[in-house]
Amino acid sequence: MAPRKFFVGGNWKCNGTGDDVKKIVTLLNEAEVPSEDVVEVVVSPPFVFLQQVKGLLRPDFSVAAQNCWVRKGGAFTGEISAEMLVNLQVPWVILGHSERRALLGESNDFVADKVAYALSQGINVIACIGETLEQREAGTTMEVVAAQTKAIAEKISNWTNVVLAYEPVWAIGTGKVATPAQAQEVHDGLRKWLQTNVTPAVAESTRIIYGGSVNGANCKELAAKPDVDGFLVGGASLKPEFVDIIKAATVSSSA
């Protein structure tokens, strides 16, 4: 089976102005990074900047939306449908980010329904899972992430267009980062879960990426772990060090 291509996503979250966008995209466009044979790079600006970024961004990088609605569009004020993303030729979407799970009450089942619907419309999905500090301290990390993954597995049959993003909630934007050993342990556990509950082929081919205070200083050590297939980067994706994180693809043991 072909090795898993390293994947680096940049989640800009709810940040930026038109001028900021131009600066970030210019920085990315001028960066020297490994070829798209080695690393797949996807940046995720807020909805209002998607077209601007798509129009300016280098052709070897893709864009992702940060969310989409759970079914066909219609009378859902304030929502963006998967069909609209298809219409704008936005190839990726981030679903189930812990900020949405926590702040907007998105349940495992709701996230799974979103994943299934986006895939049905031909959009690639970065599906986010992860435990809180309380859950980690209680020793239930694997139970939590397995339940989140199981909800998705029950709704989809084809994993080809899914990237699983493990983001320990306690490490997002806190400056606390899971140690490479902690990240590897969960990624390995998730891969074993997929092997047992989906298929060995899906376990082998599905990229499991890490998110949670990834930066230029810690990315290489994380990337070297055998089951860490890339990153979903938050705050650092708005800074020049995002380029260093993309370059970490070259130390990845899965590359």
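Start with helix α8, residues 180-197 of this predicted model. How far apart should the ends of its 18 residues be, at 1.5 Å a residue? The expected span is 26 Å, and the end C-alpha atoms sit 25 Å apart, so the two agree. Quite a few of the α8 residues are buried: P180, A183, Q184, V186, H187, G189, L190, R191, W193 and L194.

Several of those buried residues turn up again where α8 packs against α7. On the α8 side, the contact uses V186, G189, L190, W193 and L194. On the α7 side, they meet T141, M142, V145, A146, T149, K150 and A153. By class, that contact has 8 nonpolar, 3 polar and 1 charged residues. As for geometry, the axes of α7 and α8 come within 10 Å and cross at roughly 40°. That makes α7 oblique to α8, and the crossing is right-handed.

Helix α7 (residues 141-153) has another partner in α5 (residues 108-120). Here the packing angle is about 40°, with the axes 8 Å apart. The pair is therefore oblique, and this crossing is right-handed. Which residues of α5 and α7 meet? From α5 come N108, D109, A112 and V115, and from α7 come A147, Q148, A151 and I152. Sorted by class, the contact of α5 with α7 has 5 nonpolar, 2 polar and 1 charged.

Now for α5 on its own. At 1.5 Å a residue, its 13 residues should span 18 Å, and the end C-alpha atoms are 18 Å apart, so expectation and model agree. The buried residues here are V111, A112, K114, V115, Y117, A118 and L119, and A112 and V115 also belong to the contact with α7. The buried set of α5 packs against a mix of helices and strands: α3 (82-87), β4 (92-95), α4 (98-103), β5 (124-129), α7 and β6 (162-166). Just after α5, G122 takes a positive phi of about 90°.

On to backbone angles in the loops. Most residues other than glycine have a negative phi. Two residues are worth a look on that score, and here they are side by side.

| Residue | Phi | Loop | Relative accessible area |
|---|---|---|---|
| K13 | about 55° | between β1 (6-11) and α1 (18-30) | 18% |
| S213 | about 60° | between β7 (207-211) and α10 (219-223) | 17% |

K13 has a positive phi although it is not a glycine, and the same description fits S213. Are K13 and S213 buried or exposed? Buried means under 20% relative accessible area, so K13 at 18% counts as buried, and so does S213 at 17%.

One more loop residue to check is K239, found between β8 (230-233) and α11 (241-247). With a relative accessible area of 43%, K239 is partly exposed. For a long-range distance to try in the viewer, take K239 and E79: they are 160 residues apart along the chain, and their C-alpha atoms are separated by 29 Å.

Terms used: Residues are numbered from 1 along each chain as its sequence is written. This is a predicted model: local features need pLDDT of at least 70, side-chain atom pairs count only at pLDDT 80 or more; totals for chains, interfaces and linings use all residues. Side-chain values use heavy atoms; hydrogens and water are left out. Axes are lines fitted to C-alpha atoms, for helices over the stretch in contact, and angles run from 0 to 180 degrees between N-to-C directions. Helices (H or I, at least four residues) and strands (E, at least two) are DSSP runs, numbered from the N terminus. Angles under 35 degrees count as roughly parallel, over 145 as roughly antiparallel, 65 to 115 as roughly perpendicular and the rest as oblique. A crossing is left-handed if the near helix is turned anticlockwise from the far one by less than a right angle, and right-handed if clockwise. Contact means heavy atoms within 4.5 Å. Ala, Val, Leu, Ile, Met, Phe, Trp, Tyr, Cys and Pro count as nonpolar, Asp, Glu, Lys and Arg as charged, and the others, Gly among them, as polar. The expected span of a helix is 1.5 Å times one less than its number of residues. Buried means under 20% relative accessible area, exposed over 50%, partly exposed in between (1.4 Å probe, protein chains only).
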